[in-house]
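Let us walk through the charged side chains of this protein and see how they pair up. Please keep the sequence and the structure in view as you read.

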Amino acid sequence: MTQDTRQSETQTVTLRCQFCLKLNRIDVGRAAERPKCGECGKPMLLDRPLKISDEDLDRLVSEAEIPVLVDFYADWCGPCRIMAPLLDDLARERLGEVLVAKLDTDRYPGPSRALGIRGIPTLILFRGGEEIGREVGAVPKDKLEALVETAR
């Protein structure tokens, strides 16, 4: 398969609609066109971090055909709030290349235990269902970019 053929293939991700909770398969190559939920018709906004639940985490990271960066955070966490605008920028700048998701560790503690997360924010980059990189704590934008680059 040539590089041109790979680039023309559809890359998809299965996401839960933030409004009606219906699962949708999204072509990330068309993410800038603001795809709509097949059930309720509301937009699936991929240009910002998506809040996910523990039940969606495994499906998302294992089935996504692009890298997924998951921010394990808590609302009360100061460093987590510092990282939020950087993750917003990353989601917008890397739209269609990487999916940025957020999982609240207070609400969903199971994945934190399973992944050995001991401090927040913890940013884990997944590709093909496997962890390929991790950063703990608030990191500068260049370190965040370097983490995402490990997926190439």
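**Salt bridges around helix α3**

With a relative accessibility of 24%, D89 counts as partly exposed, and you should bear in mind from the start that the model you are looking at is predicted. The partner of D89 in a salt bridge is R92, and the closest N and O atoms of this pair are 2.6 Å apart. R92 is partly exposed as well, its relative accessible area being 46%. Both D89 and R92 belong to helix α3, which covers residues 78-93, and they stand 3 residues apart, which is about one turn of the helix.

Helix α3 also holds E93, which forms a salt bridge with K141, and here the closest N and O atoms are 3.1 Å apart. Because K141 lies in helix α5 (residues 141-149) while E93 lies in helix α3, this pair ties together parts that are 48 residues apart in sequence. If you look at how open the two residues are, K141 is partly exposed at 33% relative accessibility, and E93 is partly exposed at 42%.

Now turn to R94, which forms a salt bridge with E97, the closest N and O atoms lying 3.5 Å apart. Is R94 buried or exposed? R94 counts as buried because its relative accessibility is 11%, which is under 20%, whereas E97 has a relative accessible area of 37% and is partly exposed. These two residues also take part in a network of salt bridges that links R94, E97, E145, E149 and R152. In the whole structure, a search finds 16 salt bridges, including the ones described here between D89 and R92 and between K141 and E93.

Terms used: Residues are numbered from 1 along each chain as its sequence is written. This is a predicted model: local features need pLDDT of at least 70, side-chain atom pairs count only at pLDDT 80 or more; totals for chains, interfaces and linings use all residues. Side-chain values use heavy atoms; hydrogens and water are left out. A salt bridge is a side-chain nitrogen of Lys or Arg within 4 Å of a carboxyl oxygen of Asp or Glu. Helices (H or I, at least four residues) and strands (E, at least two) are DSSP runs, numbered from the N terminus. Buried means under 20% relative accessible area, exposed over 50%, partly exposed in between (1.4 Å probe, protein chains only).
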